[in-house]
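Q: Please take a close look at the salt bridges in this model, and say for each pair you discuss how much of it the protein covers. After that, please describe the surroundings of the ligand in the same careful way.

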Amino acid sequence: MTTKSSKIVMARRFDGMPQVSDFALQEETLAPLEDGDVLCETVWLSVDPYMRSYSRNMKEGDVMMGQTLSKVVESRHPNYVVGDLVLYYSGWRDQYVVKNPDDPRPWPLQKVNYIPEGHPSTLSLGVLGMPGATAYFGLNEICKPVKSGETVVVNAAAGAVGAVVGQLAKSQGCRVVGFAGTDEKVEYLRELGFDEAVNYKTMGSLEDVLCSLCPNGIDIYFDNVGGSFSDTVMSHMNQFGRVSVCGCISQYNNTGQSIGPRLQGLLISKQIRMEGFLVHRWKDQWMECMEALGALVREGKMKYRETTVDGFERAPEALIGMLQGENIGKMIVKCQSGGSGGDGDGDGEQCKQ
Ligand code: NDP
């Protein structure tokens with residue numbers, strides 16, 4: 001039997017900030033399952049900043065890329081049964097067939113059976129998924145907090161990655177200064193235990209703020225934003241400072257080349273280690289990270305929020321909203337009713353858009 005499914009494609013190349021009219025909803029027919037195949041129905045879809053930067057390599061008509069949390073609805077594979085919850089890089093599709101679930105390229109079909117009881121399965125797209133791992137490995141493997149009291153600066157701090165970075169750094173005895181784009185987000189950062197939280201849109205001079213809040217300099221900079229913000233932060237780094245270049249969201253919608261200061265002299269004189277990374281570098285340590293973060297969630301030491309948009313067809317709005325800062329915590333799209341998740345259980349809270 002064939003199945004009809006919907007997909008969302010990039011209908012027109014983005015010019016600056018994507019527009020809803022750049023996307024198109026299309027139907028496709030899925031072939032009947034063969035032995036070894038699994039048919040999945042998307043319950044939640046993740047929208048992430050990398051979609052904007054990677055879209056530069058896409059052609060018009062390509063399906064939008066991305067990870068989904070889905071339910072197995074038919075299986076001809078011995079390891080999957082109907083009802084299993086799974087993560088997959090399916091792209092923006094409401095149903096899809098996985099031909100070879102165990103193929104690790106680019107990522108296998110992953111069962112979601114590791115979420116602590118009482119917490120939503122949607123954490124597998126946030127704290128207990130790719131963004132959480134980004135915070136965990138970016139902080140522990142690149143920034144390596146070495147002694148208690150080190151000053152950490154993180155931006156996009158109320159987002160999926162930043163909120164985890166700040167809480168992890170606090171749990172390791174660091175002093176954490178977070179920057180975010182609204183007063184509500186600043187309030188949230190205080191609730192999470194950040195030592196200082198600043199609305200970068202209303203703060204005035206970043207130079208003055210850093211002199212005041214980081215009078216002894218910055219030991220660790222977890223950079224999610226890049227651009228001129230980072231140019232200023234860099235000049236406040238301490239000797240042997242560590243900079244994890246995680247993202248540069250301020251640049252993703254740029255249409256031209258952006259020019260910054262030359263950093264070599266500063267890196268030499270301050271003996272700074274600055275390293276970019278892609279989280280999948282630590283693919284082999286993934287479950288170890290999930291266990292560590294899961295333990296913090298279970299103990300109430302890792303709080304989270306999710307921002308949800310209702311309706312598969314509204315994924316473009318969700319992506320644009322996230323790029324414009326409308327989310328607190330992870331931005332996710334609810335595609336089907338009945339998925340456990342996004343319900344703000346335990347230490348999580350939910351904001352609906
Ligand atoms: P978030 O949940 O933080 O959402 C994005 C946030 O970025 C927005 O809410 C907005 O918050 C902020 N933002 C948008 N535009 C700007 C701007 N011009 N200046 C400053 N802040 C801006 O997203 P994620 O946590 O998923 O991702 C955070 C960063 O981490 C991104 O740069 C992303 O590309 C990167 N990343 C890197 C990975 C890697 O492997 N290297 C993996 C995953 C993510 P606000 O209101 O505060 O402006």
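A: In this predicted model, the structure contains 16 salt bridges. One of them pairs R93 with E28, and the closest nitrogen and oxygen atoms of these two residues are 3.0 Å apart. This pair connects distant parts of the chain, since R93 sits in the loop between β5 (85-88) and β6 (95-98), while E28 belongs to strand β2 (residues 23-30), and 65 residues separate them. The two partners fall into separate accessibility classes: R93 has a relative accessibility of 22% and therefore counts as partly exposed, whereas E28, with a relative accessible area of 17%, is buried. The reason is that the class of buried residues is reserved for values under 20%, so E28 at 17% falls within it and R93 at 22% does not.

Another salt bridge is formed by K99 and D37, whose closest N and O atoms are 2.8 Å apart. K99 is found in the loop between β6 and β7 (110-111), and D37 in the loop between β2 and β3 (38-46), so this pair ties together parts of the chain that are 62 residues apart in sequence. Here the lysine is partly exposed, K99 having a relative accessible area of 48%, while its acidic partner D37 is buried, with a relative accessible area of 2%.

A further pair is K59 with D62, whose side chains meet in a salt bridge with an N to O distance of 3.6 Å. K59 is exposed, its relative accessible area being 55%, and D62 is partly exposed at 23%. Apart from such individual pairs, K7, E28 and R93 are joined into one network by salt bridges that share partners.

Strand β2, which contributes E28 to that network, also contains Q26. Q26 is partly exposed, with a relative accessible area of 32%, and its C-alpha atom is separated by 9.9 Å from that of G61, a residue 35 positions away along the chain.

Turning to the ligand, there are 27 residues around it, and among these V161, K185, Y200, Y252 and N327 come nearest. Several polar backbone atoms approach the ligand as well: one of A160 lies 2.9 Å from a ligand oxygen, one of G181 lies 2.8 Å from an oxygen atom of the ligand, and one of C246 lies 2.9 Å from a ligand nitrogen. On its own the ligand has 910 Å² of accessible area, and the protein covers 89% of this. The elements that supply two or more residues to the shell around the ligand are the helices α2 (130-143), α3 (160-171) and α9 (315-323).

Sorted by class, this shell is made up of 17 nonpolar residues, 9 polar residues and 1 charged residue. Both domain 1 (3-112 + 306-352) and domain 2 (130-279) contribute residues to the shell, so the ligand lies between the two domains.

Definitions and conventions:
Residues are numbered from 1 along each chain as its sequence is written. This is a predicted model: local features need pLDDT of at least 70, side-chain atom pairs count only at pLDDT 80 or more; totals for chains, interfaces and linings use all residues. Side-chain values use heavy atoms; hydrogens and water are left out. A residue is near a molecule or strand if one of its heavy atoms lies within 4 Å of it. A polar contact is a pair of N or O atoms within 3.5 Å; within protein, one must be able to donate a hydrogen and the other to accept it, and residues adjacent in sequence count only if both atoms are side-chain atoms. Accessible areas come from the Shrake-Rupley method with a 1.4 Å probe; for residues, only the protein chains shown count as cover. Helices (H or I, at least four residues) and strands (E, at least two) are DSSP runs, numbered from the N terminus. Ala, Val, Leu, Ile, Met, Phe, Trp, Tyr, Cys and Pro count as nonpolar, Asp, Glu, Lys and Arg as charged, and the others, Gly among them, as polar. Domain bounds come from an automatic or database domain assignment. A salt bridge is a side-chain nitrogen of Lys or Arg within 4 Å of a carboxyl oxygen of Asp or Glu. Buried means under 20% relative accessible area, exposed over 50%, partly exposed in between (1.4 Å probe, protein chains only).
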